Amino acid sequence: MLEICWTEDGEARSARWRSENGSPPPARVVIADDRFTADAAYRLTCEGSALLWRGDFHLRSAANP
């Protein structure tokens, strides 16, 4: 069983890794939230890091701006 591992709030955490196409788990997981800029997220993903989203997400629609 493959796992991804990261540290959050000073505590080591892990989760089972599943990949439909057989991709290996990322070597590095970075905690991300809405303070991340697009440039920073792009740079980290280009370097091979995975982003674990911990921010608040609200989907806005034209009917509910």
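These legends describe close-up views of a predicted model.

**View 1. The whole chain combines 1 helix and 4 strands.** Read from the N terminus, the order of elements is β-β-β-α-β. The chain has 65 residues, and 18% of them count as buried. Its exposed surface comes to about 5,500 Å². Carbon and sulfur atoms supply 51% of that area. Contacts between residues 24 or more positions apart make up 13% of those with a separation of 6 or more.

**View 2. Strands β1 and β2 form a hairpin.** Strand β1 covers residues 3–8, and strand β2 covers residues 11–16. The two pair in the antiparallel sense, over 6 bridges. Two positions help to trace the pairing. I4 stands opposite A15, and C5 has S14 as its bridge partner. There are 2 residues between the strands. D9 lies in the turn and has a positive phi of about 55°.

**View 3. Strand β1 has a covered face and an uncovered one.** I4, W6 and E8 belong to the covered face. E3, C5 and T7 belong to the uncovered face. C5 is partly exposed, because its relative accessible area of 49% falls between the limits of 20% and 50%. Across the hairpin, A12 sits in strand β2. A12 is exposed, with a relative accessible area of 67%. Beyond residues up to four places away in sequence, A12 touches W6 and T7. Of these two, W6 is on the covered face of β1 and T7 is on the uncovered face.

**View 4. E8 is a buried residue of strand β1.** Its relative accessibility is 11%, so E8 falls under the 20% limit for burial. The side chain of E8 makes a polar contact of 3.1 Å with the side chain of W6. Both residues are on the covered face of the strand. Setting aside neighbours within four places in sequence, E8 is in contact with R13, I31, L52 and R54. R13 lies within β2, residues 11–16. I31 lies within β3, residues 28–32. L52 lies within β4, residues 49–53.

**View 5. Helix α1 has a buried side and an exposed side.** The helix spans residues 38–46. Its buried residues are A40, A41 and L44. Seen down the helix axis, these buried residues fall within an arc of 100°, so they line one face of α1. An α-helix has 3.6 residues a turn, so residues three or four places apart point the same way. The buried residues of α1 pack against β3 and β4. On the face turned away from them are the exposed residues A38, D39, Y42 and C46. Just after the helix, G48 takes a positive phi of about 100°.

**View 6. L44 is a buried residue of helix α1.** L44 has a relative accessibility of 7%, which means that it counts as buried. Apart from neighbours within four places in sequence, L44 is in contact with R28, V30, F36, S49 and L51. R28 and V30 lie within β3, while S49 and L51 lie within β4. L44 and R28 are 16 residues apart along the chain. Their C-alpha atoms are separated by 9.6 Å.

**View 7. D33 is found in the loop between β3 and α1.** The strand ends at residue 32, and the helix begins at residue 38. D33 counts as buried, at 16% relative accessibility. The side chain of D33 makes a polar contact of 2.4 Å with the side chain of R35. D33 is also in contact with W53, R54 and G55, leaving aside neighbours within four places in sequence. R54 is one of the residues in contact with E8 too.

**View 8. Cysteines C5 and C46 appear in a structure with 0 disulfides.** The search that gave this result covered the whole structure. C5 belongs to the uncovered face of β1. C46 belongs to the face of α1 turned away from its buried side. C46 counts as exposed, because its relative accessibility of 52% is over the 50% limit. C5, at 49%, is partly exposed.

How values were computed: Residues are numbered from 1 along each chain as its sequence is written. This is a predicted model: local features need pLDDT of at least 70, side-chain atom pairs count only at pLDDT 80 or more; totals for chains, interfaces and linings use all residues. Side-chain values use heavy atoms; hydrogens and water are left out. Buried means under 20% relative accessible area, exposed over 50%, partly exposed in between (1.4 Å probe, protein chains only). A polar contact is a pair of N or O atoms within 3.5 Å; within protein, one must be able to donate a hydrogen and the other to accept it, and residues adjacent in sequence count only if both atoms are side-chain atoms. Contact means heavy atoms within 4.5 Å. Two strands pair if DSSP finds at least two bridges between them. A disulfide is a pair of cysteine sulfur atoms within 2.5 Å. The arc is that of the directions from the helix axis to the C-beta atoms. Accessible areas come from the Shrake-Rupley method with a 1.4 Å probe; for residues, only the protein chains shown count as cover.
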